[in-house]
Every structure is written in structure tokens, then in C-alpha cells.
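Thank you all for coming; I would like to take a few minutes to walk through one structure, going from its cavities to its cores and then to a small sheet. Please have the sequence and the model open while I talk.

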Amino acid sequence: MSLPPRTKYGGASRKLLLAFDIGTTFSGISYSILDPGKVPEIRPVTRYPSQDHVGGDSKIPTVIYYDENGKQCAIGAETLKEGIEADAEENNWSKAYWFKLHLRPKSEAAMADRDEIPPLPPNKTVVQVLTDYMKYLRQCAKIYISETHGNPFWKSLEDEVLYVLTHPNGWEGPQQATMRQAAILADFIPDTAEGRSRISFVTEGEASLHFCLSNGLSINRNGNVDSGVVIVDAGGGTIDVTAYRKLSDHSFEEIAIPKSYFQGAVYVTSRAKKHFNGSSPFNLLFLSAPQHVDRVGLLSGTRFRDDVDTLATRFDRNTKHVFRQDDEPHHIQFASQRERDPALNIRAGRITVPGRVVATFFEPSISCIIEAIKLQKRIAQFPIKSVFLVGGFSASNWLCEKVRSAIEPLGIEVLRPDNHVNKAVSNGAVSFFLDGVVSSRMSRKSFGSLCFATFDPADPDHLRRLQHVRPNPITGERSLDGFFSVILPKNTRVTESKEYRRSFTMFKSDSVDFNGPTVNHVFSYKGERPNPKWLTDEPGMFTLFGNMVTFFMSATASDKYVVECTVKADTSMVKREQGVSYTNGQLRIYYQIHFDVVLLFGLTELKAQIAYMENGVEKRGPATVIYDNDDSAA
């Protein structure tokens with residue numbers, strides 16, 4: 001099915017919506033004008049400064065050159081200028097590229113070879129580079145929209161623009177918080193609650209689904225609500241894989257936990273560069289006279305060793321895109337036509353690479369896609385009947401055919417849109433905002449809170465942990481610490497409106513201590529236990545009491561229970577109750593409050609509130625979700 005007819009915009013005033021797809025290698029912008037009473041349209045930005053000659057489906061490089069003082073010298077489309085590499089070398093510029101990958105979560109860092117991710121320019125953080133690039137993208141949008149619709153149009157809307165930012169499937173709250181911080185520094189929005197609310201996030205997988213539907217692609221053509229579809233967004237840095245099924249009301253729901261893999265197109269180029277530069281097991285296949293070259297490197301020890309970067313660039317821009325058969329050699333022009341070395345298969349400045357060697361550069365990425373689809377097939381709650389390949393990397397005929405030959409024998413149809421697959425994410429991000437066809441998503445992990453549990457001698461589970469019983473430092477009651485109170489279990493289908501809440505009682509020795517903001521840590525469990533319940537069940541974990549509970553974790557255990565975020569709320573208005581306990585001959589007076597933490601996981605980013613009772617009526621209060629941005633990999 002394609003999307004049902006889009007409804008008219010129901011807002012009270014005209015708005016401008018901008019969607020930015022900041023990719024690992026290329027970026028794109030799409031937008032929509034939201035006029036009350038009119039059906040919005042999705043429009044791509046197709047002209048950029050310094051790229052006016054390029055046609056209608058262009059994207060621009062996600063690249064910035066800085067001089068030695070950290071000043072921008074060239075950015076985006078400007079980096080395509082003829083001779084830019086020579087200028088950079090002559091003036092000692094630093095090149096920021098693939099910088100998006102520095103945002104990746106630590107938990108995913110092992111999925112990518114850290115040595116393959118280029119370092120940031122000297123004295124630059126990923127937030128600073130991202131901010132510079134976002135400023136540039138907004139300026140590109142301003143110029144294009146002003147030229148297309150008139151400068152007064154832009155001026156009338158620029159202070160209230162709505163934004164959609166995309167990110168890989170595996171990125172969550174901390175990465176969204178970092179991107180929002182960069183957007184504030186780039187003057188997208190003011191640093192206020194209203195300003196922050198003007199930014200929405202969507203995963204690249206979900207944006208790709210919307211792209212497919214908004215382009216009239218027929219998903220689940222047999223109309224069977226018990227079958228699913230996998231969207232594979234093969235981009236520059238990541239492969240994002242998401243499984244959906246269509247419901248009878250024409251909405252979609254996730255039917256498996258989405259996955260993201262660091263096996264995008266840049267890693268094909270990285271493997272090619274390693275081959276030319278050495279450390280590749282395939283070098284000996286390449287040579288007509290292997291003894292002529294040091295075995296540690298194809299071109300190391302030769303007069304061409306300094307040309308490897310040029311060779312890799314030419315491979316990336318040309319060979320990688322046209323490769324389609326492994327039984328045909330490929331010729332890469334990288335040096336002067338006067339250069340030749342028959343032993344290295346270099347003639348007239350061209351190196352000849354056997355097709356079977358080029359195929360090895362693609363193989364890990366293609367295998368990753370095939371195995372990722374098979375994994376979704378295994379874990380999906382409904383059978384998968386079709387796969388859609390989108391994203392710039394999916395334009396590779398070699399990739400498409402290898403995936404098709406491996407997957408279609410499983411009874412799964414493999415399809416690839418033929419219109420502007422490299423615009424899928426930015427256009428799909430606009431459609432996500434306008435159409436929002438995904439009604440539920442799968443929880444990626446278990447979420448909950450670590451807290452005390454009052455010891456119950458009638459509970460066999462408590463008796464097994466008798467050695468961990470300690471007096472509560474405030475009330476003196478016998479308690480077990482390290483209890484994981486689950487708010488949302490892993491692999492749960494979550495709707496946008498569904499609330500998940502957990503009741504908490506907070507104890508203080510002095511009622512005045514409740515006057516300040518209350519902080520509650522939300523933990524996620526990333527281990528293998530289907531029903532995590534006790535922190536002490538993990539190897540190497542033990543606890544001690546002090547003024548508050550302190551957890552001492554082994555490296556293994558600390559990887560299982562992770563502080564996902566902090567929920568900060570004002571609980572000063574919650575009614576305080578006095579409590580009295582008499583334990584071990586000691587009278588204790590303490591104070592307590594009762595409230596619920598309410599979490600909404602069904603949106604593309606986590607939202608929180610607190611709830612409490614006042615005179616028999618439930619009241620709600622705002623809560624702020626705070627992430628530790630150190631969770632991003634350096």
C-alpha cells in the first residue's frame with residue numbers, strides 16, 4: 001500500500017518545516033510549507049551554493065575544511081571545487097569528514113573499527129563541528145527557499161521554523177540531546193522549552209519507510225496484516241534495518257527491535273584503502289610479480305605509496321559505484337599517464353584491479369545486510385514477505401543483486417526504489433512529520449529503576465537473598481537493595497499514547513529536603529536475562545549501604561545496568577507524610593512522599609511527567625529528561 005491521501009494542515013497559522021539528513025558522507029535537505037486548510041507537499045532542496053550546476057536529486061558532502069586557526073575554509077558543496085585537495089595540502093588545512101560517527105553510542109563502538117573513523121580536526125569537538133555544519137545547512141535552506149519563494153516569505157517564518165533531524169536506528173536519547181545542543185548553538189532554536197519542542201527526531205529506518213510509502217511504493221501488496229516488510233536503509237556509515245507490518249487502519253507497527261550496523265559504504269572504501277596501503281590478505285591475488293613488493297603493503301615501499309589517498313578517492317567516487325561483476329577488471333586512474341609499473345598492474349597512470357578483489361571490499365557489508373535481514377526474519381513477530389533497499393549505498397547494483405540472490409530463495413521479495421534513493425531519508429523525515437504512519441514501536445531494552453525493596457520473610461525470592469538484607473538508612477526497616485523495578489520490559493510493543501508508570505516512595509530525614517528538585521535515575525538493562533529483577537544476580541556485583549545505596553559493579557555487571565537518563569522534577573507540591581519506626585531500640589522519625597514517574601516511550605524520543613494525588617485528585621507536573629552526553633563515543 002502507499003499512503004492514504006494526506007490531510008489538510010490543521011494549524012492556525014502558516015509554518016515552515018525543514019528536515020535535515022546529516023549523513024556520514026552526504027547530507028540532504030527537504031521541506032514543506034504548512035498552510036492552514038491546504039494539503040502540504042514534500043519538496044527537496046536541489047540547489048546549493050557552489051553546486052548550482054548539479055541536477056535535481058543532489059546531496060552535498062558532509063565535509064568541512066578548517067585552517068590552522070580552526071576557521072572554516074570550505075564546507076559542504078564548496079568542498080567539491082576542483083583542486084580543493086591541493087589547496088588543503090598547500091595551506092595545511094584539516095579535513096573533518098565522517099564526523100557523524102563520533103556521536104555513536106559507546107555500546108556500538110565495538111561494532112566499528114575505531115581506527116577507521118577519522119579523528120576530528122585539532123581542538124575541535126564533535127559538537128563544534130556538527131554545529132558548524134548545521135549552520136551551513138540552515139543557510140543553504142534559507143538561500144534556496146528565499147530564491148524559490150521570495151525573501152519576504154523566509155523572513156516571515158524563520159523565527160518559528162519546525163525541524164526534523166534524522167539519526168541511525170541505534171541512536172537514542174544521549175545522541176538526540178547532543179544533536180539538539182548543536183541545533184541550539186547553530187541558532188536553529190532558542191534554549192527554551194518552547195524552542196526545544198520545535199525539534200523532532202526520527203530514525204533513518206522510519207524515515208525510509210515513510211519515503212517508500214509517500215512515493216507510491218506498494219508495501220504488503222497482498223493486504224495480509226499477518227505479514228511484514230523489512231526496510232534496509234544502506235547509507236554511508238550505517239546499515240539501518242527495521243521490520244514493520246501494516247495494520248487494517250493503514251498504519252504500521254514495528255514487529256522486531258530495529259538494528260543498526262557500522263557497515264555502510266564508507267567501509268567499502270576503507271577496505272579498498274587498506275588493500276592499496278597494505279595489511280590486506282588479498283594483495284597477493286592482485287600482483288603479477290608478488291616478490292616485487294613488500295608483503296605488508298601493495299604500494300608500501302614503492303614510489304606510489306604517497307598516492308594511496310588519491311587512489312582511494314578515485315575508487316570511492318567512481319569504481320565503487322559502477323562495480324557490478326567480479327569477473328571483470330577495473331581500471332583506476334590515479335597518477336600521471338607517464339607512470340607505469342607492470343609488476344603492479346599500473347600502466348599510463350592507471351592501476352588495474354581484478355573484479356574478484358573489488359568484490360572482497362564489498363563482501364563484509366553485503367554479508368552484514370544479508371544476516372541482518374535473516375535476523376529480522378527470525379525475531380519478527382510476523383513472517384517477513386518483502387525487503388525494500390533504500391539509501392545511497394543501495395544504488396550499487398552489485399550489492400542489490402547479491403542481497404537479492406541470497407534473500408529471495410527464502411521466499412522474500414527484494415525491491416529497490418528507482419527514484420532518488422539518496423533522498424529517501426530527508427524526504428521521508430518530512431513525511432514522518434506530516435503523515436506519521438507508525439503507530440507503535442518495539443522497546444529496545446528493559447527500562448526501570450534501582451531501589452530498595454522492603455524485606456518480606458514470606459517471599460522465597462527474598463529469603464534466597466537473606467545475606468543482602470540491610471537496614472534502610474532512613475527508616476531503619478529491613479530492606480534489600482539493588483531491586484530493579486521494571487517500568488517497561490524489553491521487546492514490548494509501545495504505542496505513542498501509552499503511558500508507563502511506576503510508583504515510588506521517597507524517604508528523607510528532614511521534610512525540608514523535599515523542597516528542591518527530585519532526581520530519579522532511569523536504568524536500562526542490556527543483559528540476557530528475560531526478566532531482570534536483582535542487581536546482585538549479575539556476576540561481580542555487590543552493594544553497600546551508606547547515607548544512600550551505593551552499587552559496586554564489575555566491568556561485566558556495569559555493562560548490564562546502565563543509567564539511561566535522569567528524570568528531574570519539582571516535587572515540592574507533593575504532600576509530605578511523617579513516619580515513625582522503632583528498630584534495634586532506636587526511635588526514628590522520617591518523612592516520605594508518594595508519586596509516580598510517568599514515561600512515554602512510544603514517541604521517537606522519551607518524554608516524562610510526575611503524577612501525585614491531591615485531595616483525591618491526580619495532579620501532573622512536568623519533568624525534564626536529562627542525558628549524560630558522555631555516553632557518546634569519542
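Before we look inside, a word on how I sort residues: Ala, Val, Leu, Ile, Met, Phe, Trp, Tyr, Cys and Pro count as nonpolar, Asp, Glu, Lys and Arg as charged, and the others, Gly among them, as polar. With that in mind, and remembering throughout that this is a predicted model, the lining of the largest cavity divides into ten nonpolar, seven polar and seven charged residues. That cavity holds about 410 Å³ of space, and of the 24 residues that line it, the closest to its centre are Glu172, Arg444, Phe601, Leu603 and Thr604. Helix H5 (173-185) and strand S19 (438-442) each supply at least two residues of this lining.

How many cavities of 30 Å³ or more does a search of the whole structure find? There are two, and the second largest has about 60 Å³ of space. Its lining consists of Ile22, Lys100, Leu103, Leu130, Thr166, Trp171 and Met179, which by the sorting I gave makes five nonpolar, one polar and one charged.

Let me turn now to the packing. The largest nonpolar core has 50 residues, and those with the most contacts inside it are Val232, Val387 and Val403. Among the elements that give two or more residues to this core are strand S10 (228-234), strand S11 (239-246), helix H8 (265-277), strand S17 (384-390) and helix H12 (397-407), while H11 gives the most, with eleven residues. If you would like to centre your view on one residue, take valine 387: leaving out residues up to four places away in sequence, Val387 touches Val230, Val232, Ile373, Ile407, Ile412, Glu413, Val414 and Leu415. Apart from this core lies another, of 45 residues, which include Ile64, Ala141, Ala183 and Phe201.

Finally, the sheet. Strands of a sheet pair through backbone hydrogen bonds, either parallel or antiparallel. Here we have an open sheet of three strands, in the order S14-S16-S15, and the pairing is antiparallel. Its edge strands, each pairing on one side only, are strand S14 (330-333) and strand S15 (346-347). Between S15 and S16 the antiparallel pairing runs over two bridges, and there isoleucine 346 stands opposite isoleucine 351 in S16. Strand S16 (350-353) also brings us back to the packing, as one of the elements that give two or more residues to the largest nonpolar core.

How values were computed: Residues numbered from 1 in each chain as written. Predicted model: local features only at pLDDT ≥ 70, side-chain atom pairs only at ≥ 80, totals over all residues. Heavy atoms only, no water. Core = buried A, V, L, I, M, F, W, Y, C linked by side-chain atoms within 4.5 Å. Buried < 20%, exposed > 50% of the residue type's maximum accessible area, 1.4 Å probe, protein only. Helix = DSSP H or I, 4+ residues; strand = E, 2+ residues; numbered from the N terminus. Contact = heavy atoms within 4.5 Å. 1 Å grid on protein atoms, 1.4 Å probe; cavity = no way out; pocket = protein on both sides within 12 Å on 5 of 7 lines; lining within 4 Å. Points joined across faces, edges and corners; volume = space filled by probe spheres on them. Pairing = 2+ DSSP bridges.
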